[in-house]
Amino acid sequence: MQNAGIAALGLNWRYLAFEVHPDDLRSALEGARRMHFVGINLTVPHKVLAMEMMDLLDESARTWGAVNTVRFEAKNQQGEWRPLREFGETPRDVRLHGFNTDADAITRALRDDLGFDFAGKRILLLGAGGAGRTAALKLASEKVAELFLVNRTSGKSAAVAGEISARHPKVKVILGYPTGKVDLLLNATSLGLKATDSLPFDEAQFSVSRSEAVYDMIYRPAETPLLKLAKGVGCRAANGASMLLYQGASALEIWTGERVPVRAMRQALEEMLGRASS
Ligand code: NAP
């Protein structure tokens, strides 16, 4: 996906994956700084660990308490910090600027895939891990009316509810399943990744037919048992591919400072996911 975007922009760059042990994250970032990488994406568990390893945190990283995108920057002749891609000569003094593109990707995906708008809506959110917490806080910032939080470890959803009450006091947060209908069921648990997984909610307490729309953050497999069920009862339903796409497109925009070719990136992502599921 990123390499397709890079190629469409005509850049002589490559996007590569490196497996780094969490204990080695600081030295890996230092190595990337010294080797003049233009940028990095980080995934679990590095997103939170990296917070204290940045020279500067963007508002987005501070808001969500996690860094998924790093931009390497240096000072130009006017003394302004600029993205490394703007420099011909390789500067010695390089800083790490941390951003988070995950939260905006969640709402952009829900708008684009499901035509969802947020104000005044009732949402059931399953999961309170990294993605669940970010989704909960982002949805609250979009002024939803009621947010029902369910998680296997109830203490984690209670902690998220506490954060929402402190930051967005107008949003009603309820721990547990709703009665009646909801506008959206959002799965942010890892249940559905494996073929043998059960549904991510308790069928004695909730039924998919009580939701207008269903979004599953999982994108591989493309159709989880939850999505299959949702489509079967006529819900609007989508998987997490668009969320993955948009967090990546925003990262490429941060590194390049250019409008990115989202269509080329989407096509490459769909091809890759199609290959993975065949
Ligand atoms: P995480 O921090 O490890 O959280 C995992 C969540 O799943 C927790 O709420 C956990 O509950 C729950 N869970 C795990 N196994 C369970 C089980 N057997 N029964 C019930 N609940 C279970 O992971 P994450 O980063 O938040 O990711 C969560 C999901 O979102 C994953 O499927 C991931 O692939 C997906 N995701 C997608 C994107 C995207 O771009 N589309 C981005 C990020 C994440 P406990 O708190 O009780 O452990």
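## Exercises on a predicted model

At 4% relative accessibility, F148 counts as buried. The model is predicted. Three exercises follow.

**Exercise 1. Place F148: which strand holds F148, and which residues is F148 in contact with, leaving aside neighbours within four places in sequence?**

Solution.

1. Find the element. F148 sits in strand β7, residues 146-150.
2. Classify the exposure. Buried means under 20% relative accessible area. F148 has 4%, so F148 is buried.
3. List the contacts, leaving aside neighbours within four places in sequence. One run is R122, I123, L124 and L125. The others are I174, G176, Y177 and P178.
4. Check one pair. I123 is 25 residues from F148 in sequence, yet the two C-alpha atoms are 6.1 Å apart.

**Exercise 2. Describe the setting of R85: is R85 buried, partly exposed or exposed, and what does its side chain reach at 2.9 Å?**

Solution.

1. Locate R85. It lies in the loop that runs between β4 (81-83) and β5 (94-99).
2. Classify the exposure. The relative accessible area of R85 is 30%, so R85 is partly exposed.
3. Collect the contacts beyond four places in sequence. These are L11, W13, V38, W255, T256 and E258.
4. Take T256. The C-alpha atoms of R85 and T256 are 7.0 Å apart, with their positions 171 residues apart along the chain. The R85 side chain comes to 2.9 Å from the backbone oxygen of T256.
5. Take E258. Its side chain and that of R85 form a polar contact of 2.7 Å.

**Exercise 3. Map the ligand site: which residues come nearest the ligand, and why does the ligand lie between domain 1 and domain 2?**

Solution.

1. Start with the shell. There are 21 residues around the ligand, and A131, N151, R152, T153 and K156 come nearest.
2. Sort the shell by type. Eleven residues are nonpolar, eight are polar and two are charged.
3. Trace the backbone pairs. A polar backbone atom of A131 is 2.8 Å from a ligand oxygen. For T189, a polar backbone atom is 3.3 Å from a ligand oxygen. A ligand nitrogen lies 3.0 Å from a backbone N or O atom of G240.
4. Work out the cover. The ligand taken alone exposes 920 Å², and the protein buries 74% of that.
5. Name the elements. α6 (130-141) and α9 (241-256) are those that give two or more residues to the shell.
6. Assign the domains. Domain 1 (2-100 + 242-277) and domain 2 (104-239) both give residues to the shell, so the ligand lies between them.

Conventions
Residues numbered from 1 in each chain as written. Predicted model: local features only at pLDDT ≥ 70, side-chain atom pairs only at ≥ 80, totals over all residues. Heavy atoms only, no water. Near = heavy atom within 4 Å. Polar contact = N/O pair within 3.5 Å; in protein donor to acceptor, adjacent residues only side chain to side chain. Areas by Shrake-Rupley, 256 points an atom, 1.4 Å probe, with all protein chains shown as cover. Helix = DSSP H or I, 4+ residues; strand = E, 2+ residues; numbered from the N terminus. Nonpolar A, V, L, I, M, F, W, Y, C, P; charged D, E, K, R; others polar. Domains from an automatic or database assignment. Buried < 20%, exposed > 50% of the residue type's maximum accessible area, 1.4 Å probe, protein only. Contact = heavy atoms within 4.5 Å.
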